[in-house]
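Subject: Structure for you to look at

Hi,

Here is the structure I said I would pass on. Could you open it alongside this email and follow along as you read?

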Amino acid sequence: MPSQLALKKIRPIQLVAVIFFTVSGGPYGLEPLVSYAGQHSTLIILLITPLLWDIPAIFTVLELNSMMPITGGYYKWVKHTLGTRWGFFEGWWTWLYTFIDLAIYPGLFVVYASFFFPWLMDYRIPICLVFIWLSALLNILGIVPVGKTSLILGAAVVTPFIILFVLAFYHHSVTTIPTQTLKGVPFSSLGMALYTVMWNCLGWDNVTTYAEEVERPVKSYLYSTFTAFGLVIVLYFLIILVSQQTGIDTGKLQEHAFPAVGEAIGGRWLGQLIAIAGMASTFGIYAAVLLSVSRVPKVMADDDLLPHFLNKQHKKFLSPYVSIITCSLVVSLMVLWPFADLLIIDVTVYGAGLSLEYISLIKLRKVAPNAPRPFKIPLSTTGLYLMLLLPFAVYFVALAGAFSSTEQAVWAAVFAIAVLASAELVWQLIIWKKPHHRKGTIFP
């Protein structure tokens, strides 16, 4: 096994870019929000949802990561705190949800590329496969190339939106905000609106799976996470505000995405810039998320919970290349799913894994109150309970909204629940073949 001392590490500024792409990558995919929520509810849902859904997750991740900044991140936290069984559930659920998440981005890449060449939609699958395997190659080269690429792509994503905002505010008088209220929004539409925002703001725990490959991880994560969060929220708010002020039809926005907004504000050239940024965004997100998820099967294989070939590292680049190839093979089979279905399945499975991290946070506060915590949420245990009620409430409202929506959305939600149930089936197979893991079936 190659020495950990040989690993190259990324700096905080590169970590900001990787986090930005892991949880966001720009507002691409946010376009359906306006059609779900309507003119007078979109902005309030966009601002309140991250406060209820993301802030508790960010605080939880920062505290747990400050205690255990190790490769494997959330999987290791849950395994250490709740036992092997629940650690496996955490790793399995996150692995599966990330396959679903990754399957979204190649398709989005084709959508933005088709702004230039509409005929590309006829070759969606071959283009998606090229996209998937180019990203796999980049990840095999190691974390530093991914970090540098994310930095470059981050600039490519943000710059066209800065131009858009300047033109919108100084030449098109975008100065007023519509009155905001949730009154009149159907419950099913509210659920889908929540899913849309939640999907565009998830993955804060994913960025901890490579903590040992980050310079000064505790301090770097604290600085980089809040910087990325601020960037994401400001970008989302401004693009939705500008989109509404242009008066663009919601159907056109959903079909042609944000390049149509750029075209309305600055002309064809700005629409093209935003389409290029969309292509950069999808590639950057995919590469960053693949970086995080490829570390999970490796550490689970090290713990004898997955086949051992998954923990093989490249001799030169020290990347878990077998895990990266395995992830890419699975995603290659999933690119046929429709976007809306993938979104529901993605957020539902992710939320279940996140709940185990919340439980781990509470338990560690109780059983190890004096353990070193370089970052500690400034709340008592009771305060933590109240804080964690917020994301659970958002999660169940969104899930209930999906069940009251179209039949297609219902089946996506049912499939997500089946995916969650698969963890217990696989766990039973593991302890049947490897009985020594049975002691992990109860909390330590």
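Below is what I found, going from the whole chain down to single residues.

One thing to keep in mind from the start: this is a predicted model.

**The whole chain**

You'll see helices everywhere: the chain has 17 of them and zero strands. It runs to 444 residues, of which 59% are buried. If you take the contacts between residues at least 6 apart in sequence, 82% of them join residues at least 24 apart. On the outside, the chain exposes about 17,500 Å², with carbon and sulfur atoms supplying 69% of that area.

**The core and helix H5**

The largest nonpolar core holds 146 residues, and Trp93 and Leu164 have the most contacts inside it. Helix H5, residues 84-113, gives this core its largest share, with 17 residues. H5 itself is mostly covered, since 28 of its 30 residues count as buried. As for its length, 30 residues at 1.5 Å each should span 44 Å, and the end C-alpha atoms are indeed 44 Å apart, so the two agree.

Which residues does Trp93 touch once its neighbours within four places in sequence are left aside? The list is Val349, Ala352, Gly353, Leu356, Val419, Leu420 and Ala423. Val349, Ala352, Gly353 and Leu356 fall within the 339-367 range of helix H15, while Val419, Leu420 and Ala423 fall within the 407-433 range of helix H17.

**Salt bridges**

How many salt bridges turn up in a search of the whole structure? The search finds four.

- Arg373 pairs with Glu63, and their closest N and O atoms are 3.1 Å apart. Arg373 sits in the loop between H15 and H16, whereas Glu63 belongs to helix H3 (residues 42-67), so this pair ties together parts that are 310 residues apart in sequence. Both partners are buried: Arg373 has a relative accessible area of 12%, and Glu63 is at 0%.
- Arg85 and Glu424 meet through their side chains at 2.6 Å, N to O. Arg85 is in H5 and Glu424 is in H17, so this bridge ties together parts 339 residues apart in sequence. Glu424 is partly exposed, with a relative accessible area of 25%.
- Glu263 and Arg268 form a salt bridge at 3.7 Å, N to O. Glu263 is partly exposed at 33% relative accessible area, and Arg268 is partly exposed as well, at 40%.

There is also a network to look for: salt bridges that share partners join Glu63, Arg365 and Arg373.

**Around Leu384**

Arg365 comes up again here. Leu384 lies in helix H16, residues 381-403. Is Leu384 buried or exposed? Its relative accessible area is 0%, so Leu384 counts as buried, the cut-off being under 20%. Apart from neighbours within four places in sequence, Leu384 is in contact with Leu361, Ile362, Arg365, Ile377 and Leu379. For the Arg365 contact, the two residues are 19 apart in sequence, and their C-alpha atoms are 9.6 Å apart in space.

**A nonpolar patch on the surface**

Now to the outside. Ile125, Leu129, Trp133, Ile325, Leu329 and Leu336 make a nonpolar surface patch of about 510 Å². Helix H6 (124-140) and helix H14 (321-332) each supply at least two of its residues, and H6 has the largest share, with three. Leu336 comes from elsewhere, namely the loop between H14 and H15. Leu336 is exposed, with a relative accessible area of 66%.

H6 has a covered side to its story too: Cys128, Phe131, Ile132, Ser135, Ala136, Leu138, Asn139 and Ile140 are buried. When you compare the two sets of residues, it helps to recall that an α-helix has 3.6 residues a turn, so residues three or four places apart point the same way. The helix has 17 residues and reaches 25 Å from its first C-alpha to its last, close to the 24 Å expected at 1.5 Å a residue.

If you only have a few minutes, start with Trp93 in the core, then go to the bridge between Arg373 and Glu63, and finish at the patch that includes Leu336.

Cheers

Notes. Residues numbered from 1 in each chain as written. Predicted model: local features only at pLDDT ≥ 70, side-chain atom pairs only at ≥ 80, totals over all residues. Heavy atoms only, no water. Core = buried A, V, L, I, M, F, W, Y, C linked by side-chain atoms within 4.5 Å. Buried < 20%, exposed > 50% of the residue type's maximum accessible area, 1.4 Å probe, protein only. Helix = DSSP H or I, 4+ residues; strand = E, 2+ residues; numbered from the N terminus. Contact = heavy atoms within 4.5 Å. Patch = residues over 30% accessible without salt bridge, like charges linked within 9 Å, V, L, I, M, F, W, Y side chains within 5 Å. Areas by Shrake-Rupley, 256 points an atom, 1.4 Å probe, with all protein chains shown as cover. Expected span 1.5 Å × (residues − 1).
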